[in-house]
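Open the model in your viewer and keep the sequence panel beside it. This tour goes stop by stop, with a selection to make at each.

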Amino acid sequence: MSENLEHINVSDEVIAICAVNATLKTEGVVGMAGGFSNTISKNLLGKELLSKGVKVYQDEGDVEIDVHIIIEYGYKIPQVAWDIQENVKKEVNTITNMNVVAVNIHVQGVSKNDEK
């Protein structure tokens, strides 16, 4: 018996959750920054989206991901952005087996942690 399992659709939400997990594990990231649509969803639905701060674009097996973050004060933004890109590519590819062509980092703010 031969089964053809070549075509599997992975939702944008699944990809976004993988990206959020990988981003939040990256040193120097304080949190995710939501956009306008995340604010509306939270207000209308009364719940926080798990994929807050991430936008996914799919095209025939290729994925492009926008990640909106808040970085911790004192970290070098280019290094944190590079680490996020590597972590997100690896996580999404490992979980979904999809080709990540770009991870675009948008630094939305800097937060100073006073507990240090």
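## Stop 1: Val56

Select Val56. Its relative accessibility is 7%, under the 20% cut-off, so Val56 counts as buried. Remember that you are looking at a predicted model. Val56 sits in strand E2, which covers residues 54–59. Now show what surrounds Val56. Leaving out residues up to four places away in sequence, Val56 touches Asp12, Ile15, Ala16, Val63 and Glu64. Draw a distance from Val56 to Ala16: the C-alpha atoms are 6.4 Å apart, while 40 residues separate the pair in sequence.

## Stop 2: the whole chain

Zoom out and colour by secondary structure. The chain has three helices and four strands. Read from the N terminus, their order is α-β-α-β-β-α-β. Of the 116 residues, 32% count as buried. About 7,900 Å² of the chain is exposed, and carbon and sulfur atoms supply 49% of that area. Turn on contacts between residues at least 6 apart in sequence: 72% of them join residues at least 24 apart.

Next, colour by pLDDT. The chain mean is 83, and 78% of residues reach 70 or more. Where is confidence lowest, and where is it highest? The low end is helix H2, residues 36–45, with a mean of 48. The high end is H3, with a mean of 96. Select residues 36–43: pLDDT stays under 50 throughout, and the model has eight contacts beyond four places in sequence for this stretch.

## Stop 3: helix H1

Select residues 12–24, which form helix H1. Draw a line between its end C-alpha atoms. The distance is 18 Å, in agreement with the 18 Å expected because 13 residues rise at 1.5 Å a residue.

Which residues of H1 are buried? Show Ile15, Ala16, Cys18, Ala19, Val20, Ala22 and Thr23 as sticks. In an α-helix, residues three or four places apart point the same way, because a turn takes 3.6 residues. Now look at what lies over the buried residues of H1. The cover includes strand E1 (29–32), E2, strand E3 (62–72) and helix H3 (77–96).

## Stop 4: Met32

Move on to Met32, in strand E1. Is Met32 buried or exposed? Met32 is buried, because its relative accessible area of 11% falls under 20%. Show its contacts, again leaving out residues up to four places away in sequence. Met32 touches Val20, Thr23 and Leu24, among others. The list also includes Lys52, Gly53 and Val54. Val67, His68, Ile69 and Ile70 are on it too. Draw a distance to Ile70: the C-alpha atoms are 5.9 Å apart, with the two positions 38 residues apart in sequence numbering.

## Stop 5: two loops

Select Glu60, in the loop between E2 and E3. Check its backbone: phi is near 50°, a positive value in a residue other than glycine. Glu60 counts as exposed because its relative accessibility is 80%, over the 50% cut-off.

Now select Asn97, in the loop between H3 and E4. Phi is positive here as well, near 60°, and Asn97 is likewise a residue other than glycine. Its relative accessible area of 66% is over 50%, so Asn97 is exposed.

## Stop 6: strand E4

Step to Asn99, in strand E4. Asn99 counts as partly exposed because its relative accessibility, 41%, falls between 20% and 50%. Show its contacts beyond four places in sequence: Asn99 touches Gly61, Asp62, Val63 and Asn93. Add Glu64 to the view. The C-alpha atoms of Asn99 and Glu64 are separated by 8.8 Å, and the two are 35 residues apart along the chain.

Stay on the strand and select Val107; E4 covers residues 99–111. Val107 has 35% relative accessibility, so Val107 also counts as partly exposed.

## Stop 7: a surface patch

Switch on the surface and keep Val107 selected. Which residues join it in a nonpolar patch? Add Tyr73, Ile77 and Val110. With Val107, they make a nonpolar surface patch of about 370 Å².

Methods. Residues are numbered from 1 along each chain as its sequence is written. This is a predicted model: local features need pLDDT of at least 70, side-chain atom pairs count only at pLDDT 80 or more; totals for chains, interfaces and linings use all residues. Side-chain values use heavy atoms; hydrogens and water are left out. Patches are made of residues with over 30% relative accessible area and no salt bridge: like charges are joined within 9 Å, nonpolar side chains (Val, Leu, Ile, Met, Phe, Trp, Tyr) within 5 Å. Accessible areas come from the Shrake-Rupley method with a 1.4 Å probe; for residues, only the protein chains shown count as cover. A salt bridge is a side-chain nitrogen of Lys or Arg within 4 Å of a carboxyl oxygen of Asp or Glu. Buried means under 20% relative accessible area, exposed over 50%, partly exposed in between (1.4 Å probe, protein chains only). Contact means heavy atoms within 4.5 Å. The expected span of a helix is 1.5 Å times one less than its number of residues. pLDDT is the predictor's confidence in each residue, from 0 to 100.
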